[in-house]
Amino acid sequence: MVFTFSSINVMLSAMKKTNLFVFLLLFGMLLFPKDTFMIGAYAGYFRSNDSLFKSIYDAEDVTYGLKLGIRVWRNFSIWVSGYQFKQTGETSLLEDTTRLTLNPIHLSLRYTFTLGSIRPYLEGGYSYIIYKEDAEIGDSDGEGHGYSIDAGLEF
């Protein structure tokens with residue numbers, strides 16, 4: 001595996017920002033009311049529409065991760081999340097085994113509907129994605145970005 005200086009700097013910058021956010025979140029939990037800060041596990045479903053991706057991998061599977069949120073105004077909150085998606089597939093031409101790991105870091109705005117102890121929500125945001133692919137014919141890593149729309153339940 002080879003890292004370039006720019007990819008190392010990007011990863012270090014993302015780690016510093018994430019560490020700062022976690023510190024501020026934990027510090028804020030001591031100062032603000034209990035409904036201001038939230039932390040929780042995440043489970044979701046990833047599905048790709050890319051035809052090349054579908055030819056190598058199943059193109060869909062479960063994701064899991066951690067979410068941290070700050071309520072900013074009424075039912076609106078800002079969330080930062082870290083997820084992971086892993087899958088093994090075969091290259092289309094040589095049928096070599098390849099393993100893919102996607103690690104999105106997601107920043108989003110959420111609106112939560114107040115209906116009692118179970119609260120549905122709608123969420124949309126921006127994802128910075130770090131990926132790594134290990135294959136017999138060679139390894140590849142890099143980064144990308146995307147957008148998402150989520151819906152779910154909060155307990």
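What percentage of the 155 residues of the chain count as buried? In this predicted model, the share of buried residues is 30%. The chain exposes about 10,400 Å², and 64% of that area is supplied by carbon and sulfur atoms.

The secondary structure consists of two helices and six strands. Along the sequence, these elements are arranged in the pattern α-β-α-β-β-β-β-β. Contacts between residues at least 6 apart in sequence were examined for their separation along the chain; 52% of them join residues at least 24 apart.

Three salt bridges are present in the structure. In one of them, the side chain of Glu123 pairs with that of Lys67, with an N to O distance of 3.1 Å. Glu123 belongs to strand β5 (residues 119-135) and Lys67 to strand β2 (residues 60-73), so this salt bridge ties together parts of the chain that are 56 residues apart in sequence. Glu123 has a relative accessibility of 3% and therefore counts as buried, the cut-off for this class being under 20% relative accessible area. Lys67 is likewise buried, with a relative accessible area of 3%.

Glu123 also forms a salt bridge with Arg110, in which the closest N and O atoms are 3.1 Å apart. Arg110 is located in strand β4 (residues 97-112) and Glu123 in strand β5; the two residues are 13 apart, and their pairing links distant parts of the chain. Both Arg110 and Glu123 are buried.

Another salt bridge is formed by the side chains of Asp134 and Lys132, at an N to O distance of 3.9 Å. Asp134 is partly exposed, its relative accessible area being 22%. Lys132 is also partly exposed, with a relative accessible area of 30%. Salt bridges with shared partners join Lys67, Arg110 and Glu123 into one network.

Side chains of opposite charge can pair when their charged atoms come close. Within the network, the pairing of Glu123 with Lys67 has an N to O distance of 3.1 Å, and the closest N and O atoms of Arg110 and Glu123 are 3.1 Å apart. With respect to burial, Arg110 and Glu123 are both buried, and Lys67 is buried as well, whereas Asp134 and Lys132 are partly exposed.

Notes: Residues numbered from 1 in each chain as written. Predicted model: local features only at pLDDT ≥ 70, side-chain atom pairs only at ≥ 80, totals over all residues. Heavy atoms only, no water. Helix = DSSP H or I, 4+ residues; strand = E, 2+ residues; numbered from the N terminus. Buried < 20%, exposed > 50% of the residue type's maximum accessible area, 1.4 Å probe, protein only. Contact = heavy atoms within 4.5 Å. Areas by Shrake-Rupley, 256 points an atom, 1.4 Å probe, with all protein chains shown as cover. Salt bridge = Lys/Arg side-chain N within 4 Å of Asp/Glu carboxyl O.
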